[in-house]
Amino acid sequence: MSNNYKLSDYLLDVVNYMGANDIFGVPGDYNLQFLDHITHRQDLKWTGNANELNASYMADGYAREKGFAAFVTTFGVGELSAINGLAGSIAEHVPVLEIVGAPTNNVQNNGSLVHHTFGDHKFDRFEKAHRQLGIKSARLDGEHAIDQINDVAQYIYETKKPAYIILPTNLVEMEVNKSLKDSIPNLFFNKEMNSENSFEQIKSSINNIENPVIVMGHEVDRFNVFNDIKSFSSNNNIPVLDLGLGKGNIDESFSNFVGTYNGQISDESVNKYVANADTVVLIGAKLTDSVTGGFTQQFNEQNTIVLNYENANIYGKSVDKDYNFKTIMTYLSKTKLDLSLPSIKNADNVSEIKPSNNKLTQSFYDKAISQFTSADNTIVAEQGTSFFGLASQKLPKGAKFFGQPLWGSIGYAFPAALGNQIANKNRRIVLSTGEGSLQLTIQELGLAFREKLNPVMFVIDNSGYTVERVIHGMNEPYNDVPNLNYKLMPKAFGAKEDEYDFIEASTENELFDAIFKAKEEKDKLVLIQVNMEMKDVPEQLAKTAKAFADQNK
């Protein structure tokens, strides 16, 4: 007698247990039967996208809030459309699962010339492409499917990295034992590790430091270790900074937090902490060009202790093999060193700005966004003028921030912002993007209204790809973009009059008025077109762009 519990149900139970309540994607004939299992559930919601690339971006943004996300594509054409977004998730360490609906195992084994293939009898090309990018993959088969799903789920849970499952259509309705569902919680537990040897090496090294500083990166958020760092810092009066890659996922109101570091081009008040340190303790960080002022950090292997998920080293030498990132952070949180460091005097130099009728500038815009950010806001900044201008601004307690400074895929921020808002509708997204970036993924504006989302969208209109202009080709036509009429966009994408507001701001006063109105209109999507001069760029972007240009020679 049928128990009516299918492999698809088990896979979705695992996905739901891992924290995803919404699943993104695009339908295709190889995944339609699987989608039925999503839409017929009460604990999952299907959120269809305009294209697969946007689905992957949206899942990435969702996972940054919820800790996990899943999206569904079809074989070949769908997964290749999404692979750029999934590559961004691997680059920036974001736990996302892609489920690909594929032809039956018989079709694949027979090498049939079916659609969405190259017509060459080879069905493993796309899987190999994902493997080549370092993305864990599993092609499900009838005999081992449960073990394969469990293996992928445990990998995502332990590493916080993305993965990829191929689900042939003949397995969608394969019956499995319903009692398997009861064992799902057993897949996810924190292994107790003994890291005494490596900890003693790390502790003794830090004890010999006279003037340490901690610089945090993105893995601090992925593995939820900020409170450990906060405790370690408080116990020992060690100043803490973050990098742009990882900014906003910690409490920047913490008394020992002294700012966001971006190499030698950082604000002087931030720069001095690193410049004066005899050792930098890097925790969960990657020192990429875009968050170090083009590799201008004032430290090297000889004065750095590195504590990352995958490895750790002290002044260039690996620590003992018993090292475990989470365990070490737990140990450090309880550690009182032999150091006698003075309390940190962290002067708050942030002063309120007052608007005038002057033309809007990038500098004023960045300070205005920071000034009006509140605890329930998540700022999402597109790579370019938005990210470089806003990443250096200090966030109030409770506020969050993210961008994509390592992968830097243009158009990422808009769908990622929507995904982040779907993950937690109690927070309000503040998106800052350029008109060039938005044009790549603006198709999801229709989704925003369909899902009744209420972000505040600042669209910087400064006549093209400004971030590219300052690297090379300031006046070249390849950095131009078409002029869109943003006022007409909401209606074109299905919005009703009471679901949105459009505001245009070209002066400081107009920007302030727009921000005040957006804060009042909490139930609407507010689209604010911000007009600025073509050559007006944040100071840190100008300096970083020069470094990029030099390294491209």
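**Close-up 1. Lys-452, at 66% relative accessibility, counts as exposed (exposed is over 50% relative accessible area, buried under 20% and partly exposed in between, with a 1.4 Å probe and protein chains only).** You are looking at a predicted model, in which local features need pLDDT of at least 70 and side-chain atom pairs count only at pLDDT 80 or more, while totals for chains, interfaces and linings use all residues. Residues are numbered from 1 along each chain as its sequence is written, and side-chain values use heavy atoms, leaving out hydrogens and water. Lys-452 sits in the loop between helix 17 (445-450) and strand 17 (456-461); helices (H or I, at least four residues) and strands (E, at least two) are DSSP runs numbered from the N terminus. Check the backbone here too: phi of Lys-452 is near 55°, a positive value in a residue other than glycine.

**Close-up 2. Lys-160 also has a positive phi, near 60°, and is not a glycine.** To find Lys-160, go to the loop that runs between helix 7 (145-159) and strand 6 (163-168). With a relative accessible area of 18%, Lys-160 is buried. Set this view beside the previous one, where Lys-452 is exposed.

**Close-up 3. Tyr-62 is a buried residue of helix 3, with 0% relative accessibility.** Helix 3 covers residues 52-66. Tyr-62 has a good number of partners to trace: not counting residues up to four places away in sequence, it touches Gly-19, Ala-20, Asn-21, Asp-22, Phe-24, Gly-67, Phe-68, Ala-69, Gly-419, Asn-420, Ile-422 and Ala-423 (contact means heavy atoms within 4.5 Å). The C-alpha atom of Tyr-62 is separated by 8.1 Å from that of Ala-417, although these two residues are 355 residues apart along the chain.

**Close-up 4. Helix 15 is largely enclosed by the rest of the structure, since eleven of its eleven residues are buried.** The buried residues include Phe-414, Pro-415, Leu-418 and Ile-422. Gly-419, Asn-420 and Gln-421 of helix 15 are buried as well. Several names should be familiar from the view of Tyr-62, whose contacts include Gly-419, Asn-420, Ile-422 and Ala-423.

**Close-up 5. The largest nonpolar core has 87 residues.** A nonpolar core is a set of buried Ala, Val, Leu, Ile, Met, Phe, Trp, Tyr and Cys residues joined through side-chain atoms within 4.5 Å. Leu-7, Tyr-10, Val-15, Phe-34 and Leu-97 have the most contacts inside this core. Helix 15 (residues 413-423) gives the most to it, with seven residues. Leu-97 is a handy place to start: leaving aside neighbours within four places in sequence, it is in contact with Val-15, Phe-68, Ala-69, Ala-70, Phe-71, Val-152, Ile-156, Ala-163, Tyr-164 and Ile-165. A second, separate core has 32 residues, among them Val-225, Ile-305, Tyr-323 and Met-329.

**Close-up 6. Helix 1 (residues 7-17) packs on helix 2 (residues 32-39) at an angle of about 55°.** The two axes are 10 Å apart; axes are lines fitted to C-alpha atoms, for helices over the stretch in contact, and angles run from 0 to 180 degrees between N-to-C directions. Helix 1 and helix 2 are therefore oblique to each other (under 35 degrees counts as roughly parallel, over 145 as roughly antiparallel, 65 to 115 as roughly perpendicular and the rest as oblique). On the helix 1 side, look for Ser-8, Asp-9, Leu-11 and Leu-12. Facing them in helix 2 are Phe-34, His-37 and Ile-38. You have already met Phe-34 among the residues with the most contacts inside the largest nonpolar core.

**Close-up 7. Helix 13 (residues 362-372) and helix 20 (residues 508-520) cross at roughly 25°.** Their axes come within 11 Å, and the helices are therefore roughly parallel to each other. From helix 13, the contact uses Phe-364, Tyr-365, Ala-368, Ile-369, Gln-371 and Phe-372. From helix 20 come Glu-508, Leu-511, Phe-512, Ile-515, Phe-516 and Lys-519.

**Close-up 8. Thr-292 and Gly-217 are two buried loop residues, at 0% and 3% relative accessible area.** Thr-292 belongs to the loop between strand 10 (279-283) and strand 11 (304-307). Its contacts, leaving aside neighbours within four places in sequence, are Asn-262, Gly-263, Leu-287 and Gln-297. Gly-217 is in the loop between strand 7 (212-216) and helix 9 (219-222). Not counting residues up to four places away in sequence, Gly-217 touches Leu-245, Gly-246, Ile-283, Gly-284 and Ala-285. For scale, Gly-217 and Asn-84 are 23 Å apart in space, C-alpha to C-alpha, and 133 residues apart in sequence.
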